[in-house]
Amino acid sequence: IPQGVKYYITIDIDGFDPSIAPGTGTPSHGGFLYYEVLEIIQALAKRSKGNIIGMDLVEVAPVYDPAGVTSILAAQLLLNSIGFIYHERAKAREL
């Protein structure tokens, strides 16, 4: 991952294991788990010193998930990602 550039993150919810994200049109058995993706995003935020300029998350299909766990997963992932990005930006400003 190159340093000194701006990053845009896009996440497709069907990359997650359907045991935690069933609300998608194309579930992928053996997909990522929540903490695996969260660790990747946290590491990118640290490496880039928070130089992530945007992020999106696609393919959440609530109609396939009456329990709503996929939407909760998506919201938690986005909120935690924003926290990682702003934490690293604040640390970079202190230096």
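1. A residue is called buried here when its relative accessible area is under 20%. Threonine 70 stands at 1% relative accessibility, so Thr70 counts as buried. One thing to keep in mind as you read on: this is a predicted model.

2. Where does threonine 70 sit? Its place is in helix α2. Not counting residues up to four places away in sequence, Thr70 touches Ile13, Ile20, Ala21, Pro22, Gly23, Val60 and Asp65. Its side chain also has a polar atom 2.7 Å from the backbone nitrogen of glycine 23, a pair you may like to look at on screen.

3. Glutamate 88 belongs to helix α2 as well. Is this glutamate 88 buried or exposed? With 8% relative accessibility, Glu88 counts as buried, because the cut-off is under 20%. Leaving aside neighbours within four places in sequence, its contacts are Ala45, Lys46, Lys49 and Gly50.

4. Now for helix α2 in full. Its 26 residues should span 38 Å at 1.5 Å a residue, and the end C-alpha atoms are 38 Å apart, so the two values agree. The buried residues of α2 are Thr70, Leu73, Ala74, Leu77, Ser81, Phe84, Ile85 and Glu88. An α-helix has 3.6 residues a turn, so residues three or four places apart point the same way. The buried residues of α2 pack against β1, α1 and β2.

5. Strand β1, residues 7-12, has two faces: Tyr7, Ile9 and Ile11 are on the covered one, while Tyr8, Thr10 and Asp12 are on the uncovered one. In a regular strand the side chains alternate between the two faces of the sheet. β1 pairs with strand β2 (residues 52-58) in the parallel sense, over six bridges. Which residue of β2 is the bridge partner of tyrosine 8? That partner is glycine 54. Between the two strands, the chain passes through helix α1 (residues 34-48), and this β-α-β crossover is right-handed.

6. Finally, the largest nonpolar core. It holds 19 residues, of which Ile11, Ile13, Phe16, Ile41, Ile52 and Leu77 touch the most other members. At least two residues of this core come from each of β1, α1, β2 and α2, and α1 gives the most, with six. Isoleucine 11 is worth selecting in your viewer: leaving aside neighbours within four places in sequence, Ile11 is in contact with Phe16, Val37, Ile41, Met55, Asp56, Leu57, Val58 and Leu77.

How values were computed. Residues are numbered from 1 along each chain as its sequence is written. This is a predicted model: local features need pLDDT of at least 70, side-chain atom pairs count only at pLDDT 80 or more; totals for chains, interfaces and linings use all residues. Side-chain values use heavy atoms; hydrogens and water are left out. Buried means under 20% relative accessible area, exposed over 50%, partly exposed in between (1.4 Å probe, protein chains only). Helices (H or I, at least four residues) and strands (E, at least two) are DSSP runs, numbered from the N terminus. Two strands pair if DSSP finds at least two bridges between them. A crossover is right-handed if, with the strands pointing away from the viewer, the path from the first strand over the helix to the second runs clockwise. A nonpolar core is a set of buried Ala, Val, Leu, Ile, Met, Phe, Trp, Tyr and Cys residues joined through side-chain atoms within 4.5 Å. Contact means heavy atoms within 4.5 Å. The expected span of a helix is 1.5 Å times one less than its number of residues. A polar contact is a pair of N or O atoms within 3.5 Å; within protein, one must be able to donate a hydrogen and the other to accept it, and residues adjacent in sequence count only if both atoms are side-chain atoms.
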